[in-house]
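Please follow the account below with the sequence and the three-dimensional model side by side. It begins with one helix, continues through two helix packings, and then turns to individual residues in the loops.

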Amino acid sequence: MTDFATLLDELLIDLRQPQVRDLAWTLLSPPLLSPGSPAMRHPLAASRWHAQPTLLADWLRAQEQAPARLLEQLEAAPHQRLGRYYERLWQYALEQAPDLRLLAANLPVRDNGQTLGELDLLLEDDDGLHHLELAIKLYLGPSDDGPDSWLGPGAEDHLLRKIEHFYQHQLPLSSTPEGLEVVRQYSVADPAPGLWLGGYLFYSWPTPCPPPAGSNATHLRGRWLHRRAWPAYHAQNPQGWQVLSRKHWLAPAAEDNYWSEARFGEWLAGLPDDGFPQMLVRLEQQHGRWREQERLFLVGDRWPRVHSGYSR
């Protein structure tokens, strides 16, 4: 059977529409946490798309040929945050997946008017009713002169704290009296909590760091480095670099054109010394397009100390 990682690589050669590429990446990319982690469950686990990935590939290629419905649904709720965009992509797919019934999404749980949290998805399949939590995260690992834990680029989001929040608050929420009251509007069954955490882990350079405990061996990865280290890194791979805007942080970049060295140099010269971390990608020409070969975060020399106030 074709595994999801191989299928994703094959699809990304052909798919050109940006939102469809993000959709394919969302459904097929590996999770950050080990498959043996408690409550880890792929949202498509009971679907024929999971058992027969070629059916999923056919559906994704059909989206490429006719993306209007996907674009319409995404534009109906414009995303300001990467996490909401990721959730909307999942919702679009789950509404159309065989053997699944998406009952509701983004359900607030309240107690006397106070919001306790939100249930990302209520999903019913042949295995029963599921309360699923979804998240897309990017974390930068520790280094000798950088952070002492895995942090988001804004330096406020900690991997360990996020995992603890999932297991201590978000996943149990559907079994609380307030959460069950919300669930009962859609089903009499008790939901099984599940988690799917996608994203990338970025390893420090030049001093490497080990993977975080409990991470998936096949997780997607990149590098991060301070501005002072950029000349040495750039000398190893001097061509093909450009900045990647936040809305394009999901699927690997594929461009018809790429930035010239002069354009990239001008952009870099104008970057504030302590500006917010920037995602860079290095492109090479393959199959007639410029395709991402690696990605990294370029951070200011005082990161993470100067960015604790940035919002994610």
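Helix α6 has 15 residues, which at 1.5 Å a residue should span 21 Å; the expected span is taken as 1.5 Å times one less than the number of residues. The end C-alpha atoms of α6 are 22 Å apart, which agrees with that expectation. Helices here are DSSP runs of H or I with at least four residues, strands are runs of E with at least two, and both are numbered from the N terminus. The model is a predicted one, in which local features need pLDDT of at least 70 and side-chain atom pairs count only at pLDDT 80 or more, while totals for chains, interfaces and linings use all residues. Residues are numbered from 1 along each chain as its sequence is written, and side-chain values use heavy atoms, with hydrogens and water left out.

Helix α6 is mostly covered, since eleven of its 15 residues are buried. The term buried denotes a relative accessible area under 20%, exposed one over 50%, and partly exposed a value in between, with a 1.4 Å probe and protein chains only. The buried residues of α6 include the aromatic-named positions Tyr 85, Tyr 86, Trp 90 and Tyr 92, together with Leu 82, Leu 89 and Leu 94. Glu 87 and Gln 91 are also among the buried residues of this helix.

Which helix meets α6 with axes that come within 10 Å? It is α5, residues 68–76, whose axis crosses that of α6, residues 82–96, at roughly 135 degrees. This angle makes α5 oblique to α6. Axes are lines fitted to C-alpha atoms, for helices over the stretch in contact, and angles run from 0 to 180 degrees between N-to-C directions. Angles under 35 degrees count as roughly parallel, over 145 as roughly antiparallel, 65 to 115 as roughly perpendicular, and the rest as oblique. The crossing of α5 and α6 is right-handed, meaning that the near helix is turned clockwise from the far one by less than a right angle, whereas an anticlockwise turn would be left-handed. On the α5 side, the contact is made by Arg 69, Leu 70, Gln 73, Leu 74 and Ala 76. On the α6 side, Tyr 85, Arg 88, Leu 89, Gln 91, Tyr 92, Glu 95 and Gln 96 take part; contact means heavy atoms within 4.5 Å. By class, the residues of this contact are six nonpolar, three polar and three charged. Ala, Val, Leu, Ile, Met, Phe, Trp, Tyr, Cys and Pro count as nonpolar, Asp, Glu, Lys and Arg as charged, and the others, Gly among them, as polar.

A second packing involves helix α2, residues 18–28, and helix α4, residues 53–65, with axes 9 Å apart and an angle of about 160 degrees. That angle makes α2 roughly antiparallel to α4. The crossing of α2 and α4 is right-handed. Val 20, Leu 23, Ala 24, Leu 27 and Leu 28 of α2 meet Leu 56, Trp 59, Leu 60, Gln 63 and Glu 64 of α4. The residues of this contact divide into eight nonpolar, one polar and one charged.

The loops offer backbone features. Asn 112, in the loop between β1 (101–111) and β2 (114–125), has a positive phi of about 55 degrees although it is not a glycine. With a relative accessibility of 82%, Asn 112 counts as exposed. Ala 155, in the loop between β3 (128–140) and α7, likewise has a positive phi, of about 70 degrees, without being a glycine. Ala 155 counts as buried, at 12% relative accessibility.

Prolines come next. Pro 172 lies in the loop between α7 (159–170) and α8 (177–183) and is partly exposed, at 30% relative accessible area. Leaving aside neighbours within four places in sequence, Pro 172 is in contact with Phe 166 and Tyr 167. Pro 206, in the loop between β4 (192–204) and β5 (220–226), is joined to Trp 205 by a cis peptide bond with omega about 10 degrees. The peptide bond from Trp 303 to Pro 304 is cis as well, with omega near 10 degrees, and Pro 304 is placed in the segment after β9 (289–299).Finally, Gly 275 is found in the loop between α10 (261–269) and β8 (278–286) and counts as buried, at 14% relative accessibility. Gly 275 and Trp 303 are 28 residues apart in sequence and 9.3 Å apart in space, C-alpha to C-alpha.
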